[in-house]
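Biologist: I should like to request a close look at a single part of this structure, followed by a connected account of its surroundings.

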Amino acid sequence: MKRLIKFHKAFLPATLVSVALLAFSVLGLFVKGFNLGVDFQAGINQYVRLAYPTGTVTYSGPGTPRLEINDDTAAVVFTGTESSDRTASWDLATVGTLADLAAAMKAEGVDVSLSDGAGYSAELLLPTFQGDYILSAQPTMIHRMPRGADERLGSVEEIRQALTGLGNVTVQAVGAEGSGEFIVRVRDDGTDKNFSAKVPEQITLALDGVFGAGRTVAVKTDYVGPRFSQSLAQNVVWLTLLTLGGILLYAGIRFKFQFATGAVLAVVHDGLIMAGFMIWTGMEFGTTSIAAILTILGYSINDTIVIFDRIREDHKLSPTDSMTTIIDRSISETLGRTVITTVTTLLAVLALFLFTTGSIKDFALALIVGIISGTYSTIFIASGFVAWWDKMRVSRHAKLNAGTEVQAH
Amino acid sequence: MNKTKRLLIVLLVLAVAFGFLFPSIEWYYLTPKEDQTLALGSRETIRDQATRLARVELAALNEYVSAKPDDVLPGTFAALVDRAKVAYKDLGMKRPDAWTADAVLAAYDGDADVLKELEDIQRQEIMKTKNLHGNAVQLGLDLSGGMSVVIRADLDALAEKLGHSLSLSEREEAMERAMDVLNGRIDKFGLTEPVIRRQGEDHIYIEIPGAADPDRINSIIMGRGRLAFHIVDIDATNLLLQYLASNPAGINADLTLADPSVLPEGLVVRRLYKKDAYGLDEWTGDYVVITEAPGLDGNYIESADSSSDQITGQPQVIFTLTAEGGELFYQLTSANIGKPMAVVLDDKVRSVATIRDAIQTNGSISGFSYDEAENLKVILRSAALPVELVVESQQSIGASLGDDTIRQGANAMIIALAAVFIFMLIYYKGAGINAMVAQVLNLYLMLSILSAFNLTLTLPTIAGFVLTLGMAVDANVIIFERVKEELALGKGRRAAVEAGFAKAFWAVMDGNITTIIAALFLAQLGTGPIQGFAVSLAIGNMSSLFTSLFVSRLIFDYGTDLGKKETMSISWRIK
């Protein structure tokens, strides 16, 4: 037989700790507020990269070739030619300098005229962020990254300065130090209908004016309009309520009502803790954050149900034992499983956290917090509530019994 | 159920899963890049390419006819020879002894007929690759790069312009027009096939994979579509056809000619379009030469409707012009009676009709099917009742950024799998291998379900899979812990496995069903990233039920019976 741990003794202190944490979360909501992402706050997120124009590419043969550059290869896909279609590709690490690459491309019928950095390694070539370039007699500009510290372009402060004319602007540096990658966020107050079309252009224009013509490369654009963000926020509220309702219903059918309530309480607890974490760390709150919270709803409920299942079974096996004893026993019996599942899930999420960037990394971090909170709330909040409910029921029952005794006399 | 039956079920599931997965493998690993590019092109590019190649082949074939008429055709014409064989059979002709160029050509009525056949062969070939892509796992925009835009049709502004609130049918029509304008313009980008979907009452969702240039979006939604009437030059159109017959590749993608002197000044070549079964513009393969300057601008159209001709019962489109437009139109039509006139929207010829008599403010066009009449009505009305389009949300992601993302996702997945594997092996010893077989199968099933339902793979989907890997082990853990308890009670291997699985069953089911409930609600939030994540979570949960309750059990049972094992390697404490 496994060792019995008296979990019920920790129920009260745990509740106090949780209440304190929840109060702290709610306090954050009023004091600091969510750092709302572009999903919930109308505006544009423009990812730009400052780089040096290195030359132009032209093609005057038949067909419509496409130039595709990514981190380690450059490729030209020839289609629409009378002869057979083909793909020519070069490994940027082994092809040599940019001049060597230009010579190799020339051999395939693609003209590259370099204006800068011909002797630099081809690995400095900037990927084709805006989709593949369609080559024609019209010159297409290609860029290269800064080579060293002395070539570094721009800082957060300089960019903010350059963009002050655009209204409510925030600038954030991303990527490796000195890579020249920035996120520019401009809020849309809904007064200009052509906001989404105009702003990216204005950003490029303003930055080119400060850092030199052709040096601003747009990498990614996210825009959410005022109406869209509003309807999304409404959806989220409904969705969360419906999810909780669905869980309450299923758990209510499969278990007793107090179990279902306990499970939902635990889940709400986890959601609030995660929200508090996001508020206090200033993590961007967007659709991925909602996904993280809802995932933990699912995870935590799963955890809770497994313990409840055991409590129900143990109760059937020894109906005379008190609820606290049964809860202690059930949690002890399933403790191994609770810990192992938490560890395996944490391992997976940790891999996600370590190997991704951007919003998915934040997502993974939020999940880590949620998983820990979920495991804790399963044991102390959900089971604690069931134990408390039972105690209330017993004492009420005792009072009622006392009453009938008086009457019998 | 006995073990062999269960094994057969598992093998069957795996085989079906492989069937679903195979198109993805073929597309992503076995199809050359240039074929992918071509197949991903719009229908128009495909048609264009097929025509081009067919013309070249026809020229080569004709060369054979004159140079070596008695030689058997080489393998490059194998597809045509096969078609010719069928044609011989259909025509009841006697099969020749050798398939020479002459023999093959005898199956067809002249060059135009052969050209059509060659074009069809080329098109089938490209469409085959395109269908393959349709059956493969689709990459989301965050992985493939590209743009997605949600556009709102500003119906309030339209109501204001008309001076009354819009009725339901007016709203529907306005949306139809907006969709039509977008459909027509987006195709012009030609490189990849776009997705255009109506979303809710007044939203339109557009996705263009591959391209991420936000400037293009503006050119798509700005303006209202340029509609105009142009006079068709029949003589020049015939000249063009003669020229193309002798110079098959003489026309460029932008519809200029390699030899501009073929056509007189002031004329341009345009393509004639019809709606295909999906309501998309499809080039009919015909060219029309029209005057470069419009005969009448579409702005003069006041209203348009479709009806049936009172005498012939033929469908027709009736339109009314403003007084000023009527004056201009009268001059134009009276000078060109008997000539065809083209209705041109955004440089695409949508309809050609012969001018019967001079028209002032009220005109009618007839001589087509009901569907075509409906389409033309919509086009004419779009000039009369413009709907303004507003960008609601927009996302553009470069393709190379997508490559990075795929690498990140794959790394996270492999590391997660490895970490969980090592942990399970250390903690559960032999049974850890069982759990991992279940997990690897789980991953395989998840991917094949994704492929089977044509769902889109995005980074959030991959994140969902990674998380599922961690969580799905839970089912194994619950079962293993139960089996361990039973072993601790002194039961033998067979009894412990049986009792452990039976007792764990409902705990596993309850836990998974509640998670699936949460995931399904999550999937309802609609927008891309969350939906992808939720769907993968739900899929993962369902397939993990199968692998943990069914496959794991089977592995244990085989170990018990075939391995003649009495003990279990499941814990360091229990021997």
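Which residue in strand 5 of chain A is the bridge partner of A:Glu68? Please begin there and then place that pairing within the rest of the model.

Modeller: The model is a predicted one, and the description below should be read accordingly. The bridge partner of A:Glu68 is A:Ala75, in strand 5 of chain A. This pair belongs to the junction between strand 4 (residues 66–69) and strand 5 (residues 73–78) of chain A, which run antiparallel and are joined by 4 bridges.

The two strands are part of an open sheet of 4 strands in chain A, with the order 6-5-4-8 and antiparallel pairing. Strand 6 (86–91) and strand 8 (133–134) of chain A stand at its edges; each has a single partner strand, so one side of each is left without a neighbour in the sheet. An element of the other chain lies across this sheet: helix 2 (residues 33–40) of chain B covers strand 4, strand 5 and strand 6 of chain A, and its direction is at about 60° to strand 5 of chain A.

The domain assignment gives a frame for these elements. Chain A is divided into domain 1 (7–40 + 228–408), domain 2 (43–48 + 150–224) and domain 3 (57–142). Between domain 1 and domain 2 of chain A, the C-alpha centres lie 41 Å apart. Contact between these two domains involves 4 residues of domain 1 of chain A and 5 residues of domain 2 of chain A. On the domain 1 side, the residues divide into 2 nonpolar, 1 polar and 1 charged. Chain B is divided into domain 1 (3–23 + 399–561), domain 2 (33–136), domain 3 (140–224 + 390–396) and domain 4 (227–385). The centres of domain 2 and domain 4 of chain B, taken over C-alpha atoms, are separated by 32 Å.

The contact between the chains involves 74 residues of chain A and 74 residues of chain B. Helix 7 of chain A supplies the largest share of the chain A side, 14 residues. By class, that side has 35 nonpolar, 25 polar and 14 charged residues.

A second sheet includes strands from both chains. It is an open sheet of 8 strands in the order 10(A)-11(A)-2(A)-12(A)-14(B)-2(B)-4(B)-3(B), with antiparallel pairing. Strand 10 (169–174) of chain A and strand 3 of chain B stand at the edges, each with a single partner strand, so one side of each lacks a neighbour in the sheet. From one strand to the next, the twist averages 25°. The chains meet in this sheet where strand 12 of chain A runs antiparallel to strand 14 of chain B, the two being joined by 5 bridges. Within strand 14 of chain B, A:Thr221 has B:Ser396 as its bridge partner, and A:Asp222 stands opposite B:Gln395.

Towards the chain B edge, strand 3 (residues 195–199) and strand 4 (residues 203–209) of chain B run antiparallel and are joined by 5 bridges. Here B:Arg198 has B:Ile204 in strand 4 of chain B as its bridge partner. The two strands form a hairpin with 3 residues between them, and B:Gly200 in the turn has a positive phi of about 65°.

Helix 5 of chain A (residues 226–254) has 29 residues; at 1.5 Å a residue it should span 42 Å, and its end C-alpha atoms are 43 Å apart, which agrees. Its buried residues are A:Phe228, A:Ser229, A:Thr243, A:Ile247 and A:Ala251. These buried residues pack against strand 12 (216–224), helix 6 (257–281) and helix 7 (287–317) of chain A, and against strand 2 (146–154), strand 14 (388–397) and helix 17 (493–523) of chain B.

Two loop residues of chain B complete the account. B:Gly140 lies in the loop between strand 1 (138–139) and helix 7 (141–144) of chain B, and B:Gly140 is buried because 24 other C-beta atoms lie within 10 Å. B:Gly140 and B:Leu455 are 315 residues apart in sequence, yet 9.2 Å apart in space, C-alpha to C-alpha. B:Lys429 lies in the loop between helix 14 (399–428) and helix 15 (430–452) of chain B. B:Lys429 has a phi near 50°, a positive value in a residue other than glycine, and counts as partly exposed, with 14 C-beta neighbours inside 10 Å.

Notes
Residues are numbered from 1 along each chain as its sequence is written. Chains are lettered from A and ligands numbered from 1 in the order in which they are written. This is a predicted model: local features need pLDDT of at least 70, side-chain atom pairs count only at pLDDT 80 or more; totals for chains, interfaces and linings use all residues. The expected span of a helix is 1.5 Å times one less than its number of residues. A residue is buried if 20 or more other C-beta atoms lie within 10 Å of its own, exposed if 12 or fewer, and partly exposed in between; C-beta atoms are placed from the backbone. Two residues are in contact if their C-beta atoms, placed from the backbone, lie within 7 Å. Ala, Val, Leu, Ile, Met, Phe, Trp, Tyr, Cys and Pro count as nonpolar, Asp, Glu, Lys and Arg as charged, and the others, Gly among them, as polar. Two strands pair if DSSP finds at least two bridges between them. Domain bounds come from an automatic or database domain assignment. Axes are lines fitted to C-alpha atoms, for helices over the stretch in contact, and angles run from 0 to 180 degrees between N-to-C directions.
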